[in-house]
Amino acid sequence: MPTAYLLLGSNLGDRTTILREAIDYLNATAGNVVAASALYETAAWGLEDQPAFLNQAVCLQTTLLPLQLLEICQATEQRAGRERLVRWGARTLDVDILLYDDLVLNTERLTLPHPRLPERRFALVPLAEIAANVVHPGLEKPVAELLVECADMLEVK
Ligand SMILES: Nc1nc2nc(S)n(CCO)c2c(=O)[nH]1
C-alpha cells in the first residue's frame, strides 16, 4: 500500500486541537495514520510577521492516488476553516504532501516531492523524527541528510 508523508501546520486558533482533529479526519477519509511526530513550534517562514506555527509530520498509508489525496488534504484544511487571504499568510490549517512513496510528479496542481522540502527545517525536523532514513526521490538522499544540509534556521519561540 502506498505511503505518504504529510506536514500539518497551524498558526491561528486552537492549534493543538486543530492538528489533532485533522489527523482524526485523515484517519477517517484517507487511510491509516501509522505514525505522527511531536508538535514543533516554529517561527513563520515566508511572511514572517505572523504568529508562530505548530508543525507536525504524519505517515499515512493510503490507497488514494496522489491527486485524490490532495483533494482530501484540501478538504481537511477547509473543515478547519482555512481561508486563503494572503499568500504565505496565517492559516488555521495547512496540510502539505511532502512525499508519496518514491513518486516524482510535476503537474500544475501537485509537485512531488514537495519542492520546498529541502529548504524548510520546519518540515524536515518533524519529518526526520518519523522518516529519517526515507530517501528523497530525485535528490537520492535520506531525510536525515537533507536536515543536516538545510541552512534554514529553526527558531523555536
Ligand atoms: N514555521 C512555519 N512557517 C510556515 N510558512 C508557511 S507558508 N507555512 C505553511 C506550510 O507551507 C509554514 C509552516 O507550516 N510552518
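**A short tour of a predicted model**

Hello everyone. In this protein, 68% of the contacts with a separation of 6 or more are between residues 24 or more positions apart. Please keep in mind that what we have on screen is a predicted model.

Let me start with the overall picture. The protein has nine strands and four helices. If you follow the sequence from its start, the pattern reads β-α-β-β-β-α-β-β-β-α-β-β-α. What about the overall size? The radius of gyration is 14 Å, and for 157 residues a compact globule would have one near 15 Å, so the two agree. Along the principal axes, the C-alpha atoms fill a box of roughly 35 × 35 × 30 Å.

Now the inside and the outside. Of the 157 residues, 46% are buried. The protein exposes about 7,900 Å², and 51% of that area comes from carbon and sulfur atoms. As for charge, there are 21 negative and 13 positive side chains, with the centres of the two sets 4 Å apart.

Let's go to a helix next. Helix α3 runs over residues 121-131, and eight of its 11 residues are buried, so we can call the helix mostly covered. Which residues of α3 are buried? They are Phe122, Ala123, Leu124, Val125, Pro126, Leu127, Ala128 and Ala131. And what do these buried residues pack against? Their partners are strands β1 (3-10), β3 (40-42), β4 and β5 (94-100), together with helix α4.

Two of those partners deserve a stop. Let's take strand β4 first, which covers residues 53-61 and holds Gln56. Is Gln56 buried or exposed? Its relative accessible area is 9%, and because the cut-off for buried is under 20%, Gln56 counts as buried. A polar atom of the Gln56 side chain lies 2.9 Å from the backbone oxygen of Ser37. Leaving out residues up to four places away in sequence, Gln56 touches Leu6, Leu7, Leu8, Leu19, Ile23, Ala36, Ser37, Ala38, Leu39 and Pro126. You may remember Pro126 as one of the buried residues of α3.

The second partner is helix α4, residues 143-149, where we find Val148. Val148 has a relative accessibility of 71%, so with a cut-off of over 50% it counts as exposed. Its C-alpha atom is 9.4 Å from that of Leu124, although the two residues are 24 apart along the chain. Leu124, again, is among the buried residues of α3.

Now to the beginning of the chain. Met1 sits in the segment before β1. Met1 is exposed, at 62% relative accessible area. Which residues does Met1 contact, leaving aside neighbours within four places in sequence? The answer is Gln61, Thr62 and Thr63. For Met1 and Gln61, the C-alpha atoms are separated by 6.4 Å, with their positions 60 residues apart along the chain. Gln61 also brings us back to β4, since that strand covers residues 53-61.

Last, a few spots in the loops where the backbone is worth a look. As general background, most peptide bonds are trans, and most residues other than glycine have a negative phi. Here, the peptide bond from Leu112 to Pro113 is cis, with omega near -10°. Pro113 belongs to the loop between β7 (111-112) and α3.

His114 lies in that loop between β7 and α3 too. Is His114 buried or exposed? His114 is buried, with a relative accessible area of 11%. Not counting residues up to four places away in sequence, His114 touches Asp96, Ile97, Leu98 and Arg120.

On to phi. Asp101 is not a glycine, yet its phi is positive, near 45°. You will find Asp101 in the loop between β5 and β6 (105-106), and at 39% relative accessibility it is partly exposed. Glu140, also not a glycine, has a positive phi of about 55°. Glu140 is in the loop between β8 (135-136) and β9 (141-142), and with a relative accessible area of 57% it is exposed.

That's my tour. Thanks for listening, and do have a look around the model yourselves.

Definitions and conventions: Residues are numbered from 1 along each chain as its sequence is written. This is a predicted model: local features need pLDDT of at least 70, side-chain atom pairs count only at pLDDT 80 or more; totals for chains, interfaces and linings use all residues. Side-chain values use heavy atoms; hydrogens and water are left out. Helices (H or I, at least four residues) and strands (E, at least two) are DSSP runs, numbered from the N terminus. The radius of gyration is taken over C-alpha atoms; the globule rule is 2.2 Å times the number of residues to the power 0.38. Buried means under 20% relative accessible area, exposed over 50%, partly exposed in between (1.4 Å probe, protein chains only). Contact means heavy atoms within 4.5 Å. Accessible areas come from the Shrake-Rupley method with a 1.4 Å probe; for residues, only the protein chains shown count as cover. Lys and Arg count as positive and Asp and Glu as negative; His and the chain ends are not counted. The place of a charge is taken as NZ of Lys, CZ of Arg, CG of Asp or CD of Glu. A polar contact is a pair of N or O atoms within 3.5 Å; within protein, one must be able to donate a hydrogen and the other to accept it, and residues adjacent in sequence count only if both atoms are side-chain atoms.
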